[in-house]
Amino acid sequence: MTEKDLTDRKFYRAEQESQFADESPDHTPQTEHPAYKLAFRDDNFLLRDELRPVRFQLELLKPEMLLDEARVGSTMVMYGSARIPSPEEAQAKIDAAKDGDEYEQKVAARLADKAKYYHEAYKLARLVSEKAIIEDGKRQFVVTTGGGPSIMEAGNRGASDAGGESIGLNIVLPHEQAPNSYVTPYLSLNFHYFALRKMHFLLRARAVAVFPGGFGTFDEFFELLTLIQTGKMKPIPIMLFGKDFWERVVDFEAIAEEGTISKKDLDLFHWCETADEAWEHIAKFYELGS
């Protein structure tokens, strides 16, 4: 292009300006001071409390751009415990608790009994990934998890074994937290803000599978129900796995009988025990056929 070309850029790109700054031969007290750094390359500046709104925007924008570039049209989100063992690890968990007290042994046995949900999460992710549905040139129902172990690992593993890609939305925590090895590397995203992570779970979600879990699963599940109940989000298939678990820890009927929710709100989710049941519900909702 020449300088007379009407479509040529007239300003340098930020990466070029950064290079110019790096290659500057001047080393003076002024150029060496942190105040002289380009604002977008100054980590100490970007991490100031006053820059929180900017960090919010960046954490919304980066995943959105990467998923757009990856041609992800919609996702199937999988929520569930980070503690449920795989079927291969279930007996080891029981054995490890043999020297513990009665409570520890009971917990280990209960967790091992839930290993079937690791298997069903794996099967559902594999089944959906094998469908490889493409619409408007974009991939649909791309498996998305929190990127961690247990149920999350099962989802990413199922997609990987089907030859598909999957998303992991990890988050920085005070204790060690790393993505499981089955997340597609260029779709492995990390968050500082829970709020932005939760937003990205649902922006593209067209189906959500919820497995037995703890506070995090409860938080994500009930927020999703609230968004649909209040009309902030259009209904999507919500498959709730493990009726025995959920009815033991949450008395849904009692909440309705107390009048704090409507009886019809219990129809916002669908009970499932197997991957096949879950896919049948999704396919019926979207009239996809089998």
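The exercises below work through the fold, the strands and the pockets of a predicted model.

**Exercise 1. State how many helices and strands the chain holds, and which box its C-alpha atoms fill.**

Solution. Begin with the secondary structure: the chain contains 13 helices and nine strands. Next take the extent along the principal axes, where the C-alpha atoms fill a box of roughly 70 × 50 × 45 Å. Finally turn to burial, for which the result is that 38% of the 290 residues count as buried.

**Exercise 2. Determine the strand order of the open sheet formed by seven strands, and name its edge strands.**

Solution. Reading across the open sheet, the seven strands follow the order β6-β5-β4-β1-β7-β8-β9, and the pairing is parallel. The ends of this order are then examined: β6 (188–191) and β9 (270–272) are the edge strands, since each of them pairs on one side only. As a last step, the orientation of neighbouring strands in this sheet can be added, which are turned by 25 degrees against each other on average when direction is ignored.

**Exercise 3. Follow the pairing from β1 through β7 and β8 to β9, giving the number of bridges at each step and a pair of partner residues where one can be named.**

Solution. The first step joins β1 and β7, which pair in the parallel sense over five bridges; here threonine 75 has alanine 205 of β7 as its bridge partner. The second step leads from β7 to strand β8 (residues 238–241), to which β7 is joined by three bridges, again with the strands running parallel. In this pairing, valine 208 has isoleucine 238 of β8 as its bridge partner. The connection between these two strands passes through α10, and the resulting β-α-β crossover is right-handed. The third step joins β8 and β9, which also pair in the parallel sense over three bridges, and phenylalanine 241 stands opposite cysteine 272 of β9. For β7 itself, the covering can be stated as well: five of the six residues in this strand (residues 205–210) are buried, so that the strand is mostly covered.

**Exercise 4. Decide whether cysteine 272 is buried or exposed, and place this residue relative to valine 210.**

Solution. Cysteine 272 belongs to strand β9. Its relative accessible area is 1%, and because the limit for a buried residue is under 20%, cysteine 272 counts as buried. For the second part, compare sequence with space: cysteine 272 and valine 210 are separated by 62 residues in sequence, while their C-alpha atoms are 9.5 Å apart.

**Exercise 5. For arginine 71 and glutamate 287, which have a positive phi, find the place of each in the chain and its class of accessibility.**

Solution. Take arginine 71 first, whose phi is near 60 degrees, a positive value in a residue other than glycine. Arginine 71 sits in the loop between α4 (52–69) and β1. With a relative accessible area of 40%, arginine 71 falls between the limits of 20% and 50% and therefore counts as partly exposed. Glutamate 287, likewise a residue other than glycine, has a positive phi near 50 degrees and is found in the segment after α13 (275–286). Its relative accessibility is 73%, and because exposed means over 50%, glutamate 287 is placed in the exposed class.

**Exercise 6. Describe the largest pocket and the second largest pocket by volume, lining residues and contributing elements.**

Solution. Start with the largest pocket, in which about 1,300 Å³ of space lies. Its lining is made of 39 residues, and those closest to its centre are Ser81, Arg83, Gly213, Gly214 and Phe215. The elements that give two or more residues to this lining are β1 (75–79), α6 (102–113), α7 (115–131), α9 (194–203), α10 (215–229) and α11 (243–249). By residue class, the lining of the largest pocket divides into 18 nonpolar, nine polar and 12 charged residues.

Continue with the second largest pocket, whose volume is about 420 Å³. This pocket is lined by 14 residues, with Ala21, Asp22, Thr31, Tyr36 and Lys37 lying nearest its centre. Two or more residues of the lining come from each of α1 (14–22) and α2 (29–32), and α1 provides the largest share, three residues. The lining of the second largest pocket comprises five nonpolar, four polar and five charged residues.

Key: Residues numbered from 1 in each chain as written. Predicted model: local features only at pLDDT ≥ 70, side-chain atom pairs only at ≥ 80, totals over all residues. Heavy atoms only, no water. 1 Å grid on protein atoms, 1.4 Å probe; cavity = no way out; pocket = protein on both sides within 12 Å on 5 of 7 lines; lining within 4 Å. Points joined across faces, edges and corners; volume = space filled by probe spheres on them. Helix = DSSP H or I, 4+ residues; strand = E, 2+ residues; numbered from the N terminus. Nonpolar A, V, L, I, M, F, W, Y, C, P; charged D, E, K, R; others polar. Buried < 20%, exposed > 50% of the residue type's maximum accessible area, 1.4 Å probe, protein only. Pairing = 2+ DSSP bridges. Right-handed = clockwise from strand over helix to strand, strands pointing away. Axes fitted to C-alpha atoms, helices over the stretch in contact; angles between N-to-C directions.
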